[in-house]
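Biologist: Please take a close look at the packing of the helices and at the loops next to them. Keep it to what can be read from the coordinates, residue by residue where that helps.

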Amino acid sequence: TFLNIVLITSIGIVVFLYIPPNPCDKQLTFSIGTIDSRFNLNKDKAVEYSKASANLWNTTLHKNVLQYTDNASADVAINFVYDERQRKTIQNNILKEQAKTQTNNLTQKSELIKIQKNNFLQMKTQFETAVIAFNQDLTNYNNKIAEINKNGGADSSQIQILNTEKDALTKRQNELQQRQIEINSYLNTLNSGINNYNFGIKQVNSVIDKINHNSLGEFEEGVYTGNKIILYEYENTTTLKRLIAHELGHALGLDHVEDKN
């Protein structure tokens, strides 16, 4: 009996020593501290986004572990500190929108070029077919003239027929020459569009180079320090909410999870 009592007591001590404290047992209050005006973010929106971030935890844990308050004595104050990180991000956001607009324009131009190229190839094929037919008819006409001359020349009725054929051939030749001018003009328009498209690609690549040049590499978007969360950089509303939720997790007492799964 004595041995049994000792064994049970030992097990109790071991279990007690290895139960980790739950970081989410106690409610944490948070407030919005300072917001640098260069973030172009008012306090109402900052409160809205921070509450949404806190609700990610509250909803998942099925209890109210994070509570917003306007009280200056909140457990944690969220501050927005502007520096080179956010400045570069704002610049890149503008450049990304510019690149997006330019890319959309290039897509439209590319579709137009495809249509124009198909039109040109169709016009070229039709023209070449017409030229072949004309040259064949012209050869036949010249052969006919040669044969008549070989036989002593044409009489008045043959001359009338030959002149009619000649007029028809001349008309077709003039039409082909005009058509060639029109096709060359269309080709110039097509080439101009292609050159403009290629220049547009260079412009987009130039904007992308600026974006890459603005990249600061890896850096901290925000930090939690005791009773304060400092946010340095976010790209948009979605990344801001995610960042606040991340730092509020640290404020609750949670560390990074190394297992990416």
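**Helix packing and the adjoining loops**

Modeller: Q116 has its place in helix α3. The model is a predicted one, and what follows should be read in that light. With a relative accessible area of 14%, Q116 falls under the 20% limit and is therefore buried. Leaving aside residues up to four places away in sequence, Q116 touches Y186, T189 and L190. Helix α3 covers residues 84-150 and α4 covers residues 156-214, so the three residues touched by Q116 belong to the numbered range of α4.

That leads to the pairing of these two helices. Two packed helices are described by the angle between their axes and the distance between the axes. For α3 and α4, the axes come within 7 Å and cross at roughly 165°. An angle over 145 degrees counts as roughly antiparallel, and this is therefore how α3 and α4 run relative to each other. Their crossing is left-handed. Sorted by class, the residues in the contact of α3 with α4 are 28 nonpolar, 17 polar and 11 charged.

The loop between α3 and α4 contains D155. D155 has a relative accessibility of 40%, which lies between the limits of 20% and 50%, so this residue counts as partly exposed. The D155 side chain has two partners to point out. One is the side chain of S157, with which the side chain of D155 makes a polar contact at 2.8 Å. The other is the backbone nitrogen of Q158, which the side chain of D155 reaches at 2.8 Å.

A second helix pair is formed by α2, residues 43-61, and α5, residues 237-252. Their axes are 8 Å apart, and the packing angle is about 55°. This angle makes α2 oblique to α5. The crossing of α2 and α5 is right-handed, whereas that of α3 and α4 is left-handed. On the α2 side, the contact is made by Y49, S50, A52, S53, A54, L56 and W57. These meet T237, L240, K241, I244, A245, L248, G249 and L252 of α5. By class, this contact has 10 nonpolar, 4 polar and 1 charged residues.

Next come the two ends of α2 and the loops beside them. The loop between β1 (28-35) and α2 holds N40. The phi of N40 is near 55°, a positive value in a residue that is not glycine. Most residues other than glycine have a negative phi. N40 has a relative accessible area of 73%, over the 50% limit, so N40 is exposed.

L61 lies in helix α2, whose range is residues 43-61. At 30% relative accessibility, L61 counts as partly exposed. The C-alpha atoms of L61 and C24 are separated by 8.4 Å, although the two residues are 37 apart along the chain.

H62 is found in the loop between α2 and β2 (66-68). Like N40, H62 has a positive phi without being a glycine, here about 60°. With a relative accessible area of 72%, H62 is exposed, whereas L61 is partly exposed. The loops on either side of α2 thus each hold an exposed residue, N40 and H62.

Key: Residues numbered from 1 in each chain as written. Predicted model: local features only at pLDDT ≥ 70, side-chain atom pairs only at ≥ 80, totals over all residues. Heavy atoms only, no water. Helix = DSSP H or I, 4+ residues; strand = E, 2+ residues; numbered from the N terminus. Buried < 20%, exposed > 50% of the residue type's maximum accessible area, 1.4 Å probe, protein only. Polar contact = N/O pair within 3.5 Å; in protein donor to acceptor, adjacent residues only side chain to side chain. Axes fitted to C-alpha atoms, helices over the stretch in contact; angles between N-to-C directions. Parallel < 35°, antiparallel > 145°, perpendicular 65-115°, else oblique. Left-handed = near helix turned anticlockwise from the far one by under 90°. Contact = heavy atoms within 4.5 Å. Nonpolar A, V, L, I, M, F, W, Y, C, P; charged D, E, K, R; others polar.
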